[in-house]
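Student: Could you walk me through how to read this model, one feature at a time?

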Amino acid sequence: MTISSEAALPPYGQQHRSRFVGEALTGGNLSTAMPLVLSFEANWRLRTVLLRGLGLAMMVSASGLWLFPSSVADPELNLMKVGVSVLFFVLGLVLMTLRDLRNQPEACFDPVRRELRVLRRDAHGQPKTVLRRSYDTIGGARLKDGAVQLFENDGSLLIEVPLGSSAARSQLRDQLSGAVQLFS
């Protein structure tokens, strides 16, 4: 999850940056005037590369078990080699075809407009708003250690957003206090 003090999306950030900075300087605290952007993704691209490399190594080792002839043609050993090679091949195939999670939505908590926006990038990389809710229309929020849960007025869960740190949690609590009912 990535956290930034301003919107990380180029059109949004450049279009409204001067307005946010101007209002923050005249209104007081810069950290509360900038939107808090929380993304749903684990921003670690190396993980995908490592898992695919491990999957490739497992698939190669599955076939490598049969490349070297064994000195003893033991049927039980051959049965174990078949089981291990099938297991390695299937696990390697699963690791090679893991989905890339870089196109996950981002939640933007905007203190100036007092609204929550969920943005998702389209095929061309442009952000599109998929959910826009004013703080006044949100029924309540529960801030847990690793996530924030936002609820509708009827008590049903609207969205759950993972939080990366305690700093993000306290910044979000400061933004939502007074605008949204906070549950313990």
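Tutor: Sure, terms first: helices (H or I, at least four residues) and strands (E, at least two) are DSSP runs, numbered from the N terminus. This is a predicted model, where local features need pLDDT of at least 70, side-chain atom pairs count only at pLDDT 80 or more, and totals for chains, interfaces and linings use all residues. Residues are numbered from 1 along each chain as its sequence is written, and side-chain values use heavy atoms, with hydrogens and water left out.

Student: What follows α5?

Tutor: G178 does, and its phi is positive, near 90°.

Student: Which residues of α5 are buried?

Tutor: Buried means under 20% relative accessible area, exposed over 50%, and partly exposed in between (1.4 Å probe, protein chains only). In α5, residues 166-176, the buried ones are A168, L172, Q175 and L176. They lie on the same side of α5 because their arc around the axis is only 85°, taking the directions from the helix axis to the C-beta atoms. On the face turned away from that buried side, S166 and D174 are exposed.

Student: Where is V94, and why does V94 count as partly exposed?

Tutor: V94 sits in helix α4, residues 75-96. V94 counts as partly exposed because its relative accessibility is 47%.

Student: And how many helices and strands does the protein chain have?

Tutor: Five helices and nine strands. Of the 184 residues in the protein chain, 30% are buried.
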